[in-house]
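Hello,

Here is the structure I promised to hand over. Please open it first, then read my notes below.

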Amino acid sequence: SLVERRQRKVMQKAVKSSAIVSSLFPSLVRERLFGSESIEFLQKTKDNNNALLNNASLCPPVANLFPKTTVMFADIANFTAWSSAREPPQVF
């Protein structure tokens, strides 16, 4: 049926997305970002953006050694080409 086909497509997309996320993050970081504590926190604050911003420090930390550090993931245009032409110390 149409519903079953759509459900299969949704599941295929979810599995693919999950695989991409799994390949991007180390397992400990992935668990912290998408673990039950983080999901519960986001569910509690989903209807109130101000509550999310004001209570962000209550969300479980991602970093092991730097609990008061913000972790930012970014996509920098042309970074792969730029960094591949340099030695690692030059990139960092």
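Which backbone oxygen lies 3.3 Å from a polar atom of the side chain of Ser 83? It belongs to Thr 80. Please keep in mind that this is a predicted model.

**The chain as a whole**

The chain has 92 residues, and buried ones make up 10% of them. It holds 6 helices and 0 strands. Along the sequence the pattern reads α-α-α-α-α-α. The accessible surface comes to about 8,400 Å². Carbon and sulfur atoms account for 58% of that surface. I also looked at contacts with a separation of 6 or more. Among those, 28% link residues 24 or more positions apart.

**Helix 5 and Ser 83**

Most of my notes concern one stretch. Helix 5 covers residues 79–84, and Ser 83 sits in it. Is Ser 83 buried or exposed? Its relative accessible area is 16%, under the 20% cut-off, so Ser 83 counts as buried. The contact described at the start thus involves a buried side chain's residue: Ser 83 is buried, and a polar atom of its side chain lies 3.3 Å from the backbone oxygen of Thr 80.

**The aromatic pair**

How many aromatic pairs does a search of the whole structure find? The search gives 1. The pair is made by the rings of Phe 79 and Trp 82, with centres 5.9 Å apart. Their planes meet at 35°, so the pair is tilted. A tilted pair has planes that are neither under 30 degrees apart nor over 60. Both residues are in helix 5, 3 residues apart, which means about one helical turn separates them.

How accessible are the two partners? Phe 79 is partly exposed, at 34% relative accessibility. Trp 82 is partly exposed as well, with a relative accessible area of 36%.

**The nonpolar patch**

Phe 79 and Trp 82 turn up again on the surface. Together with Ile 76 they make a nonpolar surface patch of about 290 Å². So the two rings that form the tilted pair also belong to residues of this patch.

**Just before the helix**

Asn 78 is worth a look too. Where is Asn 78 placed? It lies in the loop between helix 4, residues 49–54, and helix 5. Its phi is near 65°. That is a positive value in a residue other than glycine. Asn 78 is exposed, because its relative accessibility is 63%, and the cut-off for exposed is over 50%. Ser 83 in helix 5, by contrast, is buried at 16%.

That is what I found. Over to you.

Best wishes

Technical notes:
Residues numbered from 1 in each chain as written. Predicted model: local features only at pLDDT ≥ 70, side-chain atom pairs only at ≥ 80, totals over all residues. Heavy atoms only, no water. Helix = DSSP H or I, 4+ residues; strand = E, 2+ residues; numbered from the N terminus. Buried < 20%, exposed > 50% of the residue type's maximum accessible area, 1.4 Å probe, protein only. Polar contact = N/O pair within 3.5 Å; in protein donor to acceptor, adjacent residues only side chain to side chain. Patch = residues over 30% accessible without salt bridge, like charges linked within 9 Å, V, L, I, M, F, W, Y side chains within 5 Å. Areas by Shrake-Rupley, 256 points an atom, 1.4 Å probe, with all protein chains shown as cover. Salt bridge = Lys/Arg side-chain N within 4 Å of Asp/Glu carboxyl O. Phe/Tyr/Trp six-rings, centres within 6.5 Å; stacked < 30°, edge-to-face > 60°. Contact = heavy atoms within 4.5 Å.
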